[in-house]
Structure formats: structure tokens, C-alpha cells
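Biologist: I'd like to learn how to read a model like this one, feature by feature. Could you walk me through it?

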Amino acid sequence: MRFKMNIDKVNPRCCQCQINLETLDHIFLQCPHTLSFKSRLNTFITMKLDNNYRDRNNYFFITCNHDNSIINYINMVSKWYISKQFQYQKPLDWINFKNWVRLVVRGDRLAVRTALEEAGMIS
């Protein structure tokens, strides 16, 4: 994507894995770095928010159409985080992501902040 948008004029390969062309599909659905991050995200959601959460086909991640609005919120913020990290060629890091969520949620409704605090996402 950076190559296509003339941000990176030298290398069309993924800035994270350096293996495949950096496309939207690759960034969000195929890159090993994203898959590792999403695995951590899904584990968090399963352990803290919904014991029955399964998203093997990325349906909830892509559509943000889960019954639990907090899960949708976390998936939406995670997509924003992933896109920014790729844009600035920075690694996907769980602690950094939690800090992003903390910053984003400051202006949000009390119910969202409370739910994320109870889940241990923010403090």
C-alpha cells in the first residue's frame, strides 16, 4: 500500500514481514505479524469478554458486527492501530495497543470506559 500510494518508492514488500506485497488483504488478513497480534487480541476477548468468542474467518474483526459492542469497539480500534503501525512501519505490540485503546477511550462514553476497565484492557 505504501508503494502504491508513493509513500515508499523503493520497496513494494510488506514493511513487517518483508515477504509479500503489501496489500490491504495482506496487512489485515495474511501478514504473520498481524496474525500473531490478532491471535493475542482474540485470546484477550475470549478470556476477558466472551468465553465462546470464535472468529476463525475474521467475520467479527472485519464487520464489527458482534452482539457485544465492547468486542466491536476493540476490533475497530485494533484495525485502526494495525493500519497506523503499518503506515509508520512500526511493530505490532500488545502493550502499545493497550496504550492506544486508553488514549482513544478517553473521549468515549463512561459505559465503554467502564467495560474496558473491568476487562483489564485499560486502567
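Modeller: Happy to. Start with the secondary structure: this chain has 6 helices and 0 strands. From the N terminus on, the order is α-α-α-α-α-α. Keep in mind that this is a predicted model.

Biologist: How compact is the chain for its 123 residues?

Modeller: The idea is to set the radius of gyration beside what a globule rule gives for that length. Here the radius is 15 Å and the rule gives 14 Å for 123 residues, so the chain is as compact as a globular protein of that length. Along its principal axes, the C-alpha trace spans about 45 × 30 × 20 Å.

Biologist: What share of the residues is buried, and what supplies the exposed area?

Modeller: Buried residues make up 41% of the 123. The chain exposes about 7400 Å², and carbon and sulfur atoms supply 52% of that area. For contacts, look at separation along the sequence: of those with a separation of 6 or more, 41% join residues 24 or more positions apart.

Biologist: Which residue shows such a link between parts of the chain that are 59 residues apart?

Modeller: Take phenylalanine 86, in helix α4, which covers residues 69-87. The C-alpha atoms of phenylalanine 86 and isoleucine 27 are separated by 7.6 Å, with their places 59 residues apart along the chain. Why is phenylalanine 86 called buried? Because its relative accessible area is 2%, and the cut-off for buried is under 20%.

Biologist: Now a charged residue. Where is lysine 38, and what surrounds it?

Modeller: Lysine 38 belongs to helix α2, residues 32-48. For a buried charge, the habit is to look for a partner of opposite charge, then for polar atoms. Lysine 38 is buried yet has no salt bridge, and the nearest side chain of opposite charge, aspartate 55, is 6.7 Å away. A salt bridge would need a distance within 4 Å. The side chain of lysine 38 does reach the backbone oxygen of phenylalanine 28, at 3.2 Å. Leaving out residues up to four places away in sequence, lysine 38 touches Phe28, Leu29, Asn58, Phe61 and Ile82.

Biologist: Which backbone oxygen does the side chain of glutamine 16 reach?

Modeller: The oxygen of lysine 90, at 2.6 Å. Glutamine 16 sits in the segment before α1 (24-30) and counts as buried at 13% relative accessibility. Its contacts beyond four places in sequence include Gln85, Phe86, Gln89 and Lys90, so it is worth viewing beside phenylalanine 86. From glutamine 16 to isoleucine 27 the C-alpha distance is 8.9 Å, with the two 11 residues apart in sequence.

Biologist: And threonine 46: buried or exposed?

Modeller: Buried, at 19% relative accessibility. Threonine 46 is in helix α2, and a polar atom of its side chain lies 3.4 Å from the backbone oxygen of tyrosine 53. Apart from neighbours within four places in sequence, threonine 46 is in contact with Asn51, Tyr53 and Arg54.

Biologist: Last topic, the backbone. Which residues other than glycine have a positive phi?

Modeller: Two to look at are cysteine 64, with phi of about 50°, and glutamine 89, with phi near 55°. Cysteine 64 is in the loop between α3 (59-63) and α4, whereas glutamine 89 is in the loop between α4 and α5 (94-105). Cysteine 64 counts as buried at 18% relative accessibility; glutamine 89, at 47%, counts as partly exposed.

Terms used: Residues are numbered from 1 along each chain as its sequence is written. This is a predicted model: local features need pLDDT of at least 70, side-chain atom pairs count only at pLDDT 80 or more; totals for chains, interfaces and linings use all residues. Side-chain values use heavy atoms; hydrogens and water are left out. Helices (H or I, at least four residues) and strands (E, at least two) are DSSP runs, numbered from the N terminus. Buried means under 20% relative accessible area, exposed over 50%, partly exposed in between (1.4 Å probe, protein chains only). Lys and Arg count as positive and Asp and Glu as negative; His and the chain ends are not counted. A polar contact is a pair of N or O atoms within 3.5 Å; within protein, one must be able to donate a hydrogen and the other to accept it, and residues adjacent in sequence count only if both atoms are side-chain atoms. Contact means heavy atoms within 4.5 Å. The radius of gyration is taken over C-alpha atoms; the globule rule is 2.2 Å times the number of residues to the power 0.38. Accessible areas come from the Shrake-Rupley method with a 1.4 Å probe; for residues, only the protein chains shown count as cover.
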